[in-house]
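Welcome! Please take a moment to look over the sequence and the 3D picture, and then read on for a short guided tour.

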Amino acid sequence: MAVTLEEKRNSEAASGDDGVRTAGVADAAAVVSVLIVTWNSEEWVERCIESLPQAFAGLPYEVIVHDNNSDDSTRARVTAMSHQRTILQSSAGNLGFAGGINSAYTRASGQYVLCLNPDCEPVEGSLRLLVEYLESHPDVGGAVPLLLDDSGMPQREFQLRRLPTLVSLAAEILLLDRIVPDNRVTAKYRYRDLDITRPQAIEQPAAAALMLRRSLMEQVGPFDESFAPAWFEDVDYAVRLARAGATVNLVPDSVARHRGGASLEHVPFG
């Protein structure tokens, strides 16, 4: 039987030693718990956290930063921030994105949970809009803002994808899009026909900025930590959300600037 997030939380609390050091106090009144996983993210994490007060526009929230044993100034920068809603926890090793999110979740108290990359900066009012959208659409399990690049263009090719099939995976691996740019397989997989001017259900949204109902996360369970340090854990979670009958909608009036690959660019290959 798959473990639930609540069971994971209780197990760690009972053991008294989850290998994670924590500083800060959770906000019991938080509507949203923001979970940020960092690894050598000193260049972006301050701007990310500092963007949140305006993005929530008065809505109560808390921030839980899980640091995966950074060897730069990430932890010092978060610690030095005069941000009363922020908890900093750190592990002795790199738990990856999935492990970091799962660990941070055990200290979350909000009705909604926002997985947020440290290289994302939600704009003014954007996160309040997501909450209001979910409040007015109780049949929707989660919501995402529209991600924009540094030039202000939508990152739809990165953010919005259908669930993979054998055919679409083969097309991606064989770089079919470079050979036949207008092929139907890639166009369908990457939602190139989607009208992003209005809310739409997305099968596989990037987890760079992903808001889910806490009740839904309890139902689906923790992220699969076998995907380490990253890649495919959000694809796997999208599949599990779909199997649970949940939908995640793009809310284009909500916008976040996204640097992209802020921690992954430090991952050594080979």
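The tour below goes through charged pairs, an enclosed helix, a cavity and a surface patch.

Before starting, please keep in mind that this is a predicted model.

## Charged pairs

Side chains of opposite charge can pair when their charged atoms come close. In this structure there are twelve salt bridges. Three of them are set out here, with the closest distance between nitrogen and oxygen.

| Salt bridge | N to O distance |
|---|---|
| Glu46 and Arg77 | 2.8 Å |
| Arg75 and Asp67 | 3.3 Å |
| Arg192 and Glu157 | 2.9 Å |

Let us begin with the pair at the top of the table, where Glu46 and Arg77 meet in a salt bridge. Because Glu46 belongs to helix 2 (residues 45-50) and Arg77 to helix 4 (residues 74-80), this pair ties together parts that are 31 residues apart in sequence. Glu46 is partly exposed, with a relative accessibility of 24%. Its partner Arg77 is partly exposed too, at 32%.

Next comes the salt bridge between Arg75 and Asp67. Are these two residues buried or partly exposed? Arg75 counts as partly exposed, with 22% relative accessibility, whereas Asp67 is buried, at 0%.

The last row of the table shows Arg192 and Glu157, whose side chains meet in a salt bridge. This pair links distant parts of the chain, 35 residues apart: Arg192 sits in the loop between helix 10 (184-189) and strand 9 (200-202), while Glu157 is in helix 7 (residues 156-159). Both ends are partly exposed, with relative accessibilities of 30% for Arg192 and 28% for Glu157. The pair also belongs to a network: salt bridges with shared partners join Glu157, Arg161, Glu172, Asp177, Arg190 and Arg192.

## An enclosed helix

How many of the ten residues of helix 5 are buried? The count is ten of the ten, so helix 5 (residues 96-105) is largely enclosed by the rest of the structure. Among these buried residues are Phe97, Ile101, Asn102 and Tyr105.

## A cavity and helix 12

Rolling a probe the size of a water molecule over the atoms shows where empty space is left. Here, the count comes to one cavity of 30 Å³ or more, and the volume of the largest cavity is about 40 Å³. Which residues line the largest cavity? They are Pro205, Leu210, Asp234, Tyr237, Ala238 and Leu241. Sorted by class, this lining has five nonpolar residues, no polar ones and one charged residue. Helix 12 (residues 233-243) supplies the largest share of the lining, with four residues.

While you are looking at helix 12, find Val235, which has its place there. Val235 is buried, with a relative accessible area of 15%. Val235 and Glu203 are 32 residues apart along the chain, and their C-alpha atoms are separated by 9.3 Å.

## A patch on the surface

The final stop is on the outside of the model. Leu169, Ile173 and Leu174 form a nonpolar patch on the surface, and together they have about 330 Å² of accessible area. One of the three, Leu169, is found in helix 8 (residues 166-173). With a relative accessibility of 36%, Leu169 counts as partly exposed.

How values were computed: Residues are numbered from 1 along each chain as its sequence is written. This is a predicted model: local features need pLDDT of at least 70, side-chain atom pairs count only at pLDDT 80 or more; totals for chains, interfaces and linings use all residues. Side-chain values use heavy atoms; hydrogens and water are left out. On a 1 Å grid over the protein atoms alone, a cavity is a set of points where a 1.4 Å probe fits but cannot get out, and a pocket is an open set with protein on both sides within 12 Å along at least five of seven lines; lining residues have an atom within 4 Å of a point. Grid points are joined across faces, edges and corners, and a volume is the space filled by probe spheres set on the points. Helices (H or I, at least four residues) and strands (E, at least two) are DSSP runs, numbered from the N terminus. Ala, Val, Leu, Ile, Met, Phe, Trp, Tyr, Cys and Pro count as nonpolar, Asp, Glu, Lys and Arg as charged, and the others, Gly among them, as polar. A salt bridge is a side-chain nitrogen of Lys or Arg within 4 Å of a carboxyl oxygen of Asp or Glu. Buried means under 20% relative accessible area, exposed over 50%, partly exposed in between (1.4 Å probe, protein chains only). Patches are made of residues with over 30% relative accessible area and no salt bridge: like charges are joined within 9 Å, nonpolar side chains (Val, Leu, Ile, Met, Phe, Trp, Tyr) within 5 Å. Accessible areas come from the Shrake-Rupley method with a 1.4 Å probe; for residues, only the protein chains shown count as cover.
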